[in-house]
Amino acid sequence: MRDLILGIETSCDDTCAAVVDSGGHVLSSVIGSQTDLHARYGGVVPEVASRAHSRNIVPAVRAALEEAAVDLGDMALVAVTRGPGLVGSLLVGLMAAKGISWGVGIPLVGVNHLTAHMWAAALDSGGDLPVPSVCLVVSGGHTELILIEGLHEGEGRLLGQTRDDAAGEAFDKVARILGLGYPGGPVIDGVARGFTGEELTFPRPMKDDDSCDFSFSGLKTAVALHVEERRSGLGLADTGALPEDEVARTAASFQRAVVDVLVAKTERAVRLAGVDTLIAAGGVAANSELRLRLSEVAEHLSVKLVIPPPRYCTDNAAMVAAAGYHKFATRGADGLDLDVDPSLTVPVGAGGEPG
Ligand code: KG4
Ligand code: ZN
C-alpha cells in the first residue's frame, strides 16, 4: 500500500493542507484563501496573514483529512514549507507540522517552497519529476529558469533569473496601477482574455539579449507612464479610473509583453540546455496566455511540456507533500529543532536541495 503524506503550506497568504500518496496522487488539496482580508490593503499584510493562518490552520488540516476520508493516524509523514516566505506565516505552518509530528509520532520534513512549486509537475502524473528538464519558475517573488539535471542535492543549475521584479510582482503592481485590485495576475488574465482590439506596444526588456535573465521593472514603469499620460489626456484626476476599454487594452498589452519575454527566454534556455522536457511552475504559470504560448513553443521545439493544472501552479500544499516525500525518501527526516528560513533561495548548486 502507498504511504500517505500530509502537506502544509502557509508561506504567504493561503492556508493550505493536502493529503497526497507516495505515488503523487492527490487525495485532497484544501486552500484557505485570505484574499478578502488583504484586498482592501492592495497587498498582503504580514501580521494580518499570520493571524489568519493561526485561525485557519487546524480547520484546513481537518478539512484535508475529511476530504481524503482518512485520519491523522493514517499519515506516514508530515511535510511543511520552511521558506522562503513571510516569517510569521511560515512559523504557523511549521509549528502545526511539528505538533502533528510529535503528537502522532510521524517524521517531519521541511521543504523549500520553490522546490515544492517544481514538484507540482509530479502531481497526479506518477509522482516523479521528469529529469533532465528545464523549469520556468514564475511566482509572486521569483522568476527563474532552472536546469534540473537530477533529483539530488545540488543537481539544479540556474540558467537565468530576474534582475529586478518577479513576473507575478509585475502583474500585481500593474493591476494596482490600473485599479484592478489584488491579486493582479488572475484579474489581468481575465480582463486580457476578453480584449480583442488593437494592442499598445510596450517594451520587452532584455527579450533579445543573449542571456536567460529577465527584467520587468522598466515594463511596469512604461505602463505607469502610459496610464499617467492617458489620465492627463482625458483630463482625469491623478487617481481617476481610465475608461474600461482602455484598462482592458493596457492590461492585455502588458500581459502580451510579459508573456513574449517569458516565452522567448524559456525557448532560449531549452535550446541551450538541449533537454527534451520543459516544466512550468508557480502562480504565473496559471496564466492562460502563457500556457498557450508555452504549448506552442514546446510543439515547435518538439519537447514535452509539463505544466500542472492552474490549481497546482498557485500556492497549495499538495506540491509540498510531493516534494517532502521525495526529500524524506532521499535524505531522511528533519528534527523537531527545524526552523523556518524566510530567505531560503532557489534550490540550485552546491548546498541546494534536490530539484
Ligand atoms: O506561486 P504563487 O501562488 O505564490 C508565490 O509563491 O508567490 O504566485 C502568486 C503570483 C501572484 O503574483 C499572482 O498575481 C500570480 O502569481 N498569478 C497570476 C495568475 N494567477 C496567479 N499571474 C498571471 N496570470 C494568472 N492567471
Ligand atoms: Zn508560491
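**Notebook: two ligands and some odd backbone**

I started with Pro-84, which sits in the loop between strand 4 (77–83) and helix 3 (87–104). This is a predicted model, so I keep that in mind for everything below. I checked the peptide bond leading from Gly-83 into Pro-84 and found it cis, with omega near -5°.

Next I looked at a second proline, Pro-132. Its place is in the loop between helix 4 and strand 6 (133–138). The bond joining Val-131 to Pro-132 is also a cis peptide bond, and I get omega of about -10°.

While in that loop between helix 4 and strand 6, I noted Asp-124. Its phi is near 50°, a positive value in a residue other than glycine. I flagged these spots because most residues other than glycine have a negative phi, and most peptide bonds are trans.

**Zinc ion**

Which protein atoms are donors of the zinc ion (ligand 2)? I found NE2 of His-113, NE2 of His-117 and OD of Asp-315, lying 2.0 to 2.1 Å from the ion. Written as a sequence pattern, the spacing of the donor residues is H-x3-H-x197-D. I then asked which parts of the chain the pair His-113 and Asp-315 ties together. His-113 lies in helix 4, while Asp-315 lies in the loop between helix 10 (310–313) and helix 11 (318–331), so the pair links parts that are 202 residues apart in sequence.

**Ligand 1**

I moved on to ligand 1 and listed its surroundings. There are 19 residues around it, and the closest are His-117, Gly-140, Asp-172, Gly-185 and Asp-189. His-117 is thus on this list as well as among the zinc donors. By class, the shell around ligand 1 splits into 5 nonpolar, 11 polar and 3 charged residues.

For polar contacts I went through the oxygen atoms of ligand 1. His-113, already noted as a zinc donor, has a polar side-chain atom 3.1 Å from an oxygen atom of ligand 1. On the backbone side, a polar atom of Gly-185 is 2.9 Å from an oxygen atom of the ligand, and a polar backbone atom of Gly-283 is 3.0 Å from an oxygen atom of the ligand.

How much of the accessible area of ligand 1 does the protein cover? I get 87% of the 550 Å² that the ligand has on its own. I also looked up the pockets, and the space taken by ligand 1 is the largest pocket. The elements giving two or more residues to the shell are helix 4 (113–119), helix 5 (167–177) and helix 6 (184–193).

Technical notes:
Residues are numbered from 1 along each chain as its sequence is written. Chains are lettered from A and ligands numbered from 1 in the order in which they are written. This is a predicted model: local features need pLDDT of at least 70, side-chain atom pairs count only at pLDDT 80 or more; totals for chains, interfaces and linings use all residues. Side-chain values use heavy atoms; hydrogens and water are left out. A residue is near a molecule or strand if one of its heavy atoms lies within 4 Å of it. A polar contact is a pair of N or O atoms within 3.5 Å; within protein, one must be able to donate a hydrogen and the other to accept it, and residues adjacent in sequence count only if both atoms are side-chain atoms. Accessible areas come from the Shrake-Rupley method with a 1.4 Å probe; for residues, only the protein chains shown count as cover. On a 1 Å grid over the protein atoms alone, a cavity is a set of points where a 1.4 Å probe fits but cannot get out, and a pocket is an open set with protein on both sides within 12 Å along at least five of seven lines; lining residues have an atom within 4 Å of a point. A molecule sits in a cavity or pocket if more than half of its atoms lie within 2 Å of its grid points. Helices (H or I, at least four residues) and strands (E, at least two) are DSSP runs, numbered from the N terminus. Ala, Val, Leu, Ile, Met, Phe, Trp, Tyr, Cys and Pro count as nonpolar, Asp, Glu, Lys and Arg as charged, and the others, Gly among them, as polar. Donors are N, O and S atoms within 2.8 Å of the metal (3.2 Å for Na, K and Ca); water is not among the atoms, so sites may look incomplete.
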